[in-house]
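The exercises below are to be worked with the sequence and the model side by side. Each task is followed by a solution in steps.

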Amino acid sequence: MNVLGIETSCDETAAAVVTDGRVILSNVVVSSLKFHRKYGGVVPEIASRMQLETITQVTQRAIRQAGIKLRDINLVSVTSGPGLLGSLAVGISFAKSLSYGLGIPLVGVNHLLSHIYAVFLSKDSPKFPLVALVVSGGHTNLFLLKDFDAIELLGSTLDDACGEAFDKVAKILGLGYPGGPVIEKLARQGDPKKIKFSCSGTDRPLDFSFSGIKTAVLYAVRDKRLTLNEKKDIAASFQEAVFASLIKKSLLACKLKKTKRLVVGGGVAVNQCLRNKFLAEARKNNLSLKFPTPHLCLDNAAMVAGLGYQLFIKSYCSDLSLSVDLN
Ligand code: KG4
Ligand code: ZN
């Protein structure tokens, strides 16, 4: 079954064709990032306008690169939320019109679960039950998955998302947007033990909090002209504290839910330092840990197509009343 995935939850316009939830025939992602940079973050109005302009071409490219024709598509899977309202509306409207025009079914999928599904696109896909950590620009959530449609939310951030904290710290350090890649690069040459940052405690042990550490970075740099080396140390020390919190809570979730399987997805999971630290702790604790391949950590439509397939074969299907789901 050829599934066309459509993803427009943030600044990307993405379309992909995936066969039977596993084989990626094409995966096209076009970002409007360069238009947002000067504002220091994604401007929703600019994102949705760009998506409106590019979605047809991006989809045509995905179909061409897959080596198939439009009539060979059997299902349309689209991100229905959470994300930016206008951006999601563009993808959903486009997916609905394709479904209606081609007379093929439509399924709306959750963006966070599609980030988890990215792990299932690798050769050695995980088994259920598992604990999943999603670390993205908008969310930081721990889930227990017994199946693609049997999901329990175990914890989430009380304030900033993990990727958002990277973006804000990068802004404080004058490093531009998005923050993740540039913080990772600087941190590689910094001393992670130089400054003792830590993430705030939370009443519920599986929740997260990142706004305190962001403020601590702000105080550490306030009224100072930092050298590049000082910035490197701050970046490394910030990463160290954030990753320690992510790892501690993920391991606790596995322990509480009595599972030895852990997956980590979302944009922050592309970070090699995070991957190495997680892998070392997983080994120590005898856990099976899996990440998506790096290019599938960031927003893409292959993960949307894949999850849509899994839900469709379980008889989930949307109709033309599908609307944006911001939760
Ligand atoms: O999942 P994603 O592509 O979009 C959302 O669903 O939000 O994640 C984007 C986030 C941004 O906050 C970005 O700074 C962060 O992922 N990110 C990283 C890295 N690359 C991207 N964070 C840490 N290290 C990275 N290398
Ligand atoms: Zn995302």
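**Exercise 1. A histidine and its surroundings**

Is His111 buried or exposed? Then determine where His111 lies and what it touches.

*Solution.* The model is a predicted one.

Step 1. The relative accessibility of His111 is 6%. Buried means under 20% relative accessible area, so His111 counts as buried at 6%.

Step 2. Helix α4 is the element that holds His111.

Step 3. Leaving aside residues up to four places away in sequence, His111 touches Glu7, Ser9, Thr79, Gly81, Pro82, Asp299 and Met303.

**Exercise 2. The zinc site**

Which residues are the protein donors of the zinc ion (ligand 2), and how are they spaced in sequence?

*Solution.* Step 1. His111 and His115 each contribute NE2, and Asp299 contributes OD. These donors lie 2.0 to 2.1 Å from the zinc ion (ligand 2).

Step 2. The spacing of the donor residues along the sequence is H-x3-H-x183-D.

Step 3. Helix α4 (residues 111-120) contains both His111 and His115, four residues apart, which is about one turn of the helix. An α-helix has 3.6 residues a turn, so residues three or four places apart point the same way.

Step 4. His111 and His115 are both buried. Asp299, the remaining protein donor in the list, is also among the residues that His111 touches.

**Exercise 3. Strand β2 and its partners**

How many residues of strand β2 (residues 12-19) are buried, and how does β2 pair with β1 and β3?

*Solution.* Step 1. Eight of the eight residues of β2 are buried, and the strand is mostly covered.

Step 2. Consider the two sides of β2. Glu12, Ala14, Ala16 and Val18 point one way, Thr13, Ala15, Val17 and Thr19 point the other way, and all are buried.

Step 3. β2 runs antiparallel to strand β1 (residues 2-7), to which six bridges join it. Within this pairing, Ile6 stands opposite Ala15. The two strands form a hairpin with four residues between them.

Step 4. β2 also runs antiparallel to strand β3 (residues 23-31), here with eight bridges. Val18 stands opposite Ile24 of β3. The hairpin of β2 and β3 has three residues between the strands, and Asp20 takes a positive phi near 50° there.

Step 5. Strand β3 also contains Val30. Because its relative accessibility is 25%, Val30 counts as partly exposed. Its contacts, not counting residues up to four places away in sequence, are Asp11, Glu12, Thr13, Val58 and Arg61.

**Exercise 4. The parallel pairings of strand β4**

In which sense does β4 pair with β1 and with β5, parallel or antiparallel?

*Solution.* Step 1. β1 and β4 pair in the parallel sense, over four bridges. Gly5 stands opposite Ser77 in β4.

Step 2. β4 and strand β5 (residues 106-110) also pair in the parallel sense, over five bridges. Asn110 in β5 is the bridge partner of Gly81.

Step 3. Strand β4 (residues 75-81) is mostly covered, with seven of its seven residues buried.

**Exercise 5. The sides of helix α9**

Which residues of α9 are buried, and what covers them?

*Solution.* Step 1. Helix α9 (residues 272-284) has 13 residues. From its first C-alpha to its last it reaches 18 Å, close to the 18 Å expected at 1.5 Å a residue.

Step 2. The buried residues of α9 are Leu274, Arg275, Phe278 and Ala282. They cover an arc of only 95° around the axis, and therefore lie on the same side of α9.

Step 3. The cover over these buried residues includes β6 (130-135), α8 (228-256), β9 (261-265) and β10 (288-290).

Step 4. The face turned away from the buried side of α9 carries the exposed residues Arg283 and Lys284.

Step 5. Finally, examine the two ends. At the start of α9, a side-chain oxygen of Asn271 comes to within 2.9 Å of the backbone nitrogen of Cys273. Just after α9, Asn286 takes a positive phi of about 60°.

Conventions:
Residues numbered from 1 in each chain as written. Chains lettered and ligands numbered in written order. Predicted model: local features only at pLDDT ≥ 70, side-chain atom pairs only at ≥ 80, totals over all residues. Heavy atoms only, no water. Buried < 20%, exposed > 50% of the residue type's maximum accessible area, 1.4 Å probe, protein only. Pairing = 2+ DSSP bridges. Expected span 1.5 Å × (residues − 1). Arc of directions from axis to C-beta. Contact = heavy atoms within 4.5 Å. Polar contact = N/O pair within 3.5 Å; in protein donor to acceptor, adjacent residues only side chain to side chain. Donors = N, O, S within 2.8 Å, 3.2 Å for Na, K, Ca; no water.
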